[in-house]
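The exercises below go with the structure shown next. Each gives a task and then a solution in steps.

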Amino acid sequence: MELLKGKTAMVTGGTRGIGYAIVKVYLENGASVALCGSRQETVDKALAKLKEENPDYKVIGLCPDLGNPEEVQKAVGTVKETFGSLDILVNNAGISARDGLYDYNPDDFAKIMNLNVNAVFNCAQAAAKIMKEQGGGVILNTSSMVSIYGQPAGVGYPASKFAVNGLTKSLARELGRDNIRVNAVAPGVTRTDMVAALPDEVIKPLIATIPLGRVGEPEDVANAFLYLASDLASYVTGVILSVDGAARS
Ligand code: NAD
């Protein structure tokens with residue numbers, strides 16, 4: 001099955017975790033992919049791992065400063081030059097902090113907003129210009145279940161994901177006329193490095209609150225990104241798709 005045959009995708013935060021799983025499933029489905037990371041070293045490592053799996057994968061790595069509109073524009077231009085088009089943008093890079101309000105460092109709040117919100121705006125703006133010229137495209141954002149319920153500490157992160165939902169719904173309405181679909185996926189607790197490192201006494205009570213009885217795998221989330229990027233979702237836009245096992249906290 002090659003749902004993305006002939007398409008080109010750019011995936012931010014593509015070196016590990018959910019982003020890496022998205023890159024992999026897109027490549028398996030025939031797309032050419034530019035993966036972005038924060039450091040050349042981790043980008044190179046991810047590229048080597050993918051090439052080891054399949055030397056024929058059409059994949060390149062970039063590490064622009066996503067908070068800098070000029071660097072983002074340059075990166076998007078490189079993708080278009082390398083593969084001839086940019087059809088799918090996945091704004092997945094994200095960071096969080098769990099401090100309570102009284103101890104929250106305003107610099108951390110600004111850092112979270114810069115990557116989780118400003119970068120989404122920068123990438124969407126640069127990519128949409130190319131997509132409009134091409135006659136259409138797909139922009140997908142990684143939100144979170146905390147964008148629906150908030151969370152009891154670390155207010156910057158849920159605030160940033162509420163903003164991601166706002167960008168998603170508003171851009172879907174604005175860009176529909178240019179045949180650009182905009183959607184988000186809101187994962188629940190997903191087994192990335194951070195979650196895998198949690199001790200049993202933390203993870204077991206957490207799992208007990210999830211009706212499907214397990215945490216999500218990066219592939220569970222990546223498959224939602226595959227569907228939304230593909231023509232199977234040709235009439236789906238402005239949606240925040242929960243992939244969380246019906247977790248409600
Ligand atoms: P991760 O920490 O495993 O990976 C983060 C990715 O973001 C990496 O590829 C990293 O290179 C990139 N990144 C980090 N800082 C960056 C920066 N300053 N500039 C550019 N890139 C940077 O994270 P993950 O758990 O796979 O999360 C990916 C997305 O999913 C995030 O947006 C996160 O908020 C969201 N999410 C994760 C979970 C979860 O349980 N893991 C749940 C809900 C939402």
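**Exercise 1.** Is Ser160 buried or exposed? Then place Ser160 in the fold and find a polar contact of its side chain.

Solution. The model is predicted, and local features are read only where pLDDT is at least 70.
- Step 1: the relative accessibility of Ser160 is 0%. The cut-off for buried is under 20% relative accessible area, so Ser160 counts as buried.
- Step 2: helix α6 contains Ser160.
- Step 3: the backbone oxygen of Tyr157 is reached by the side chain of Ser160 at 2.6 Å.

**Exercise 2.** Which residues come nearest to the ligand, and how do the residues of the shell divide by type?

Solution.
- Step 1: there are 24 residues around the ligand. Those that come nearest are Thr15, Ile18, Asn92, Tyr157 and Thr190.
- Step 2: by type, the shell holds 14 polar residues, eight nonpolar and two charged.

**Exercise 3.** List polar contacts that Thr15, Asn92 and Tyr157 make with the ligand, stating whether side chain or backbone takes part. Then describe how the ligand is covered and where it sits.

Solution.
- Step 1: for Thr15, a side-chain N or O atom is 2.7 Å from an oxygen atom of the ligand.
- Step 2: for Asn92, the partner is a polar backbone atom, 2.8 Å from a ligand oxygen atom.
- Step 3: for Tyr157, a polar side-chain atom lies 2.5 Å from an oxygen atom of the ligand. The backbone oxygen of Tyr157 is also the partner of the Ser160 side chain in Exercise 1.
- Step 4: on its own the ligand has 820 Å² of accessible area, and the protein covers 83% of this.
- Step 5: the site of the ligand is the largest pocket. Two or more residues of the surrounding shell come from each of α1 (17-28) and α6 (156-175).

**Exercise 4.** What is the sign of phi in Asn179 and in Ala246, and where in the chain do these residues lie?

Solution.
- Step 1: recall the general rule, that most residues other than glycine have a negative phi.
- Step 2: Asn179 has a positive phi, near 60°, and is not a glycine. Asn179 is placed in the loop between α6 and β6 (180-187).
- Step 3: Ala246, likewise not a glycine, has a positive phi of about 70°. The segment after β7 (240-243) holds Ala246.
- Step 4: Ala246 has a relative accessible area of 34%, so it is partly exposed.

Note on methods. Residues numbered from 1 in each chain as written. Predicted model: local features only at pLDDT ≥ 70, side-chain atom pairs only at ≥ 80, totals over all residues. Heavy atoms only, no water. Near = heavy atom within 4 Å. Polar contact = N/O pair within 3.5 Å; in protein donor to acceptor, adjacent residues only side chain to side chain. Areas by Shrake-Rupley, 256 points an atom, 1.4 Å probe, with all protein chains shown as cover. 1 Å grid on protein atoms, 1.4 Å probe; cavity = no way out; pocket = protein on both sides within 12 Å on 5 of 7 lines; lining within 4 Å. Sits in = over half its atoms within 2 Å of the grid points. Helix = DSSP H or I, 4+ residues; strand = E, 2+ residues; numbered from the N terminus. Nonpolar A, V, L, I, M, F, W, Y, C, P; charged D, E, K, R; others polar. Buried < 20%, exposed > 50% of the residue type's maximum accessible area, 1.4 Å probe, protein only.
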